[in-house]
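Here is a short note for a colleague who is meeting this structure for the first time. Please read the points beside the sequence and the model.

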Amino acid sequence: HGIAVKPEDIETNIVIFDVGGTGWKAPALTAKLMESGIRMGAQSETRIRAVTHMDVDRAGVMEAAETIARLVRAQRP
């Protein structure tokens with residue numbers, strides 16, 4: 001009662017994305033990412049949840065994105 005949330009006003013460090021179109025299952029991709037020291041969580045068979053910490057800078061985010069892109073391009077599980 002009386003509480004309103006405007007999603008457009010929320011700034012967050014959480015990104016959820018779907019990898020279903022890549023041929024990968026989220027649990028397999030997150031396991032492969034962990035081998036590179038990148039920790040993300042599979043929320044379902046196709047959805048991955050990534051959360052940055054204040055110690056993760058732009059270079060770290062770019063490294064994670066490039067690693068995901070490389071894995072998706074290089075191999076299908």
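1. Two residues are said to be in contact when they have heavy atoms within 4.5 Å of each other. On that basis, among the contacts in the chain with a separation of 6 or more, 61% are made by residues 24 or more positions apart. Please keep in mind throughout that this is a predicted model.

2. As for the overall layout, the secondary structure of the chain consists of two helices and three strands, and these elements follow one another from the N terminus in the order β-α-β-β-α.

3. The chain has 77 residues, of which 19% count as buried. The area that the chain exposes comes to about 5900 Å², and carbon and sulfur atoms supply 53% of that area.

4. Is T67 buried or exposed? This residue, which lies in helix α2, a helix spanning residues 58–74, counts as buried because its relative accessibility is 5%, and the cut-off for buried is under 20%. When residues up to four places away in sequence are left aside, T67 touches L33, S36 and I38.

5. I16 offers a second case to look at, since it belongs to strand β1, which covers residues 14–18, and its relative accessibility of 39% means that I16 counts as partly exposed, a class that lies between the limits of 20% and 50%.

6. Which residues make the nonpolar surface patch of about 210 Å²? The patch is formed by I14, I16 and V51, so the partly exposed I16 is one of its members, in keeping with the requirement that patch residues have over 30% relative accessible area.

Terms used
Residues numbered from 1 in each chain as written. Predicted model: local features only at pLDDT ≥ 70, side-chain atom pairs only at ≥ 80, totals over all residues. Heavy atoms only, no water. Patch = residues over 30% accessible without salt bridge, like charges linked within 9 Å, V, L, I, M, F, W, Y side chains within 5 Å. Areas by Shrake-Rupley, 256 points an atom, 1.4 Å probe, with all protein chains shown as cover. Salt bridge = Lys/Arg side-chain N within 4 Å of Asp/Glu carboxyl O. Helix = DSSP H or I, 4+ residues; strand = E, 2+ residues; numbered from the N terminus. Buried < 20%, exposed > 50% of the residue type's maximum accessible area, 1.4 Å probe, protein only.
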